[in-house]
Amino acid sequence: MENQSRAIKILPDAGMVLAGLHRSGFQAYVVGGCVRDALLGMTPHDWDICTDARPDQVQRIFGKNHCIPTGIQHGTVTVHAGASFLEVTTFRTESGYSDGRHPDSVSFIRDVREDLARRDFTVNAMAYNDEEGLIDPFGGMVDLLNHRVIRAVGIPAERFHEDALRIMRLYRFAARLEFAIDPATEKAALELAPALCHVSAERIREELVKTILTRVPSRYLPKVILREILPELAADGDADFRAVMALLDASPAGQSQRLAALFSRLSGEESPEEKARRVLRRLRFSNEETDAVTGLVRHLAEESASGGLPQRVQARRLLGDLGLEGAENLIGLWAAKRTCAGRTDAADGPDRVGELDALIRQMAASRECVSLKQLAIGGRDLMQEYPQARGPVLGRTLNRLLDDVICERVPNRREALLEEAGKILSVPQPPA
């Protein structure tokens with residue numbers, strides 16, 4: 001379907017590149033996601049351009065000083081125009097996908113419609129310039145604005161055989177836009193889900209995170225797909241799976257919180273924290289994110305927000321273990337968990353959670369002692385007073401003192417801590 005009646009306001013820098021290509025006698029269009037988002041009234045993040053100019057011709061037009069050969073073998077040159085870096089790609093067809101992800105060969109062509117035919121979904125297979133209007137041979141605008149559906153271009157199985165990552169992208173786009181999925185497209189995606197083994201852990205991670213951060217992620221995470229990318233989760237029973245999806249939807253939409261919710265029930269012999277850490281490492285999350293998520297999983301496994309501790313002690317422990325941001329994230333997860341479980345008991349009710357949240361904020365603002373670096377004494381003070389406090393004995397003694405302060409058994413004052421250290425060290429210590 002062609003529709004030239006809908007105008008798109010093109011980024012001026014992209015307009016400069018289009019004009020430069022047109023002046024040199026070439027076809028050129030903005031294409032793909034930027035057209036989709038502009039038609040939806042959203043601000044595109046990236047403006048990609050397609051053209052019948054070859055990469056060497058693009059570099060001659062804009063000068064090599066303004067061009068970066070980012071993907072010459074696939075026809076892509078990044079052009080520095082104004083304040084933007086814009087990908088300019090030659091119209092192409094692709095063939096042979098022996099690794100299930102990338103074409104074995106690329107052929108440059110002259111017809112933009114042939115180029116659009118190789119793309120994944122109809123809503124991404126549209127091109128535009130001001131002179132010709134919208135080039136939409138597969139009905140992408142109707143799917144986008146009327147049907148609100150994600151549909152594969154052409155034969156769905158062929159699109160997924162070409163690139164298995166498109167299976168994850170199907171659900172991510174549908175989740176982000178809250179669109180339906182064309183039944184034939186979904187049928188092919190589910191049947192070909194085992195092909196996700198060809199996709200790198202980094203790309204799986206990227207698509208998974210984008211999907212779980214949407215408003216209602218559970219609608220777009222079928223168990224068949226999760227069985228392939230998270231076998232540790234999908235191995236659990238249906239009841240556990242439904243509980244995880246409910247908690248995922250109810251959780252605050254922060255990355256660490258949503259990941260903790262997703263990994264809150266994993267199969268395996270290790271502790272919940274260890275299981276989550278194993279999955280996070282396999283998906284190549286950063287050490288910082290892994291620590292943040294596993295800390296939440298560790299506390300989320302507790303039966304309730306009460307933790308069986310006096311509230312002030314629990315607040316200090318959470319603040320020391322997770323930091324202010326992590327503790328607040330946990331409070332949000334506990335509230336979501338309570339909502340999912342329909343909890344109404346006072347020990348774990350909204351007042352308890354709200355009070356704990358307020359107390360954590362207050363303690364953080366007043367810089368109460370929750371960590372070793374906040375103790376009124378350090379290792380050097382202890383060794384000067386008690387020369388026997390060395391090596392592992394020193395560490396154990398400082399940790400005992402910190403616990404005494406957190407539990408309000410000893411005030412965080414130098415004299416009191418040194419006196420308590422003497423009592424601890426007077427008891428025979430375990431061998432180093």
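Me: When do two strands count as a pair?
Reply: Two strands pair if DSSP finds at least two bridges between them. Keep in mind that the model here is predicted.

Me: So what makes S2 and strand S5 (residues 84–90) a pair?
Reply: The cut-off is at least two bridges, and S2 and S5 have three, running in the parallel sense. They therefore count as a pair. Within this pairing, Thr 51 stands opposite Thr 90 in S5.

Me: How do you know that strand S1 (residues 28–31) and strand S2 (residues 48–51) pair?
Reply: Try the cut-off of at least two bridges again: S1 and S2 have four, this time in the antiparallel sense. Here Tyr 29 stands opposite Cys 50 in S2.

Me: Why are Thr 185, Ala 188 and Ala 189 of helix H8 (residues 183–191) called buried?
Reply: Buried means under 20% relative accessible area, so these three residues of H8 fall below that limit.

Me: What puts the buried residues on the same side of H8?
Reply: They cover an arc of only 100° around the axis, and that is why they share a side of H8. Pro 183, Lys 187 and Glu 191, on the face turned away from it, are exposed.

Me: Which elements do the buried residues of H8 pack against?
Reply: Their partners are strand S10 (149–150), helix H6 (156–162), helix H7 (165–177) and helix H10 (223–229).

Me: Which residues have the most contacts inside the largest nonpolar core?
Reply: They are Val 30, Leu 230, Leu 262 and Phe 263, in a core of 97 residues. Helix H16 (residues 311–341) gives this core its largest share, ten residues.

Note on methods. Residues numbered from 1 in each chain as written. Predicted model: local features only at pLDDT ≥ 70, side-chain atom pairs only at ≥ 80, totals over all residues. Heavy atoms only, no water. Helix = DSSP H or I, 4+ residues; strand = E, 2+ residues; numbered from the N terminus. Core = buried A, V, L, I, M, F, W, Y, C linked by side-chain atoms within 4.5 Å. Buried < 20%, exposed > 50% of the residue type's maximum accessible area, 1.4 Å probe, protein only. Arc of directions from axis to C-beta. Contact = heavy atoms within 4.5 Å.
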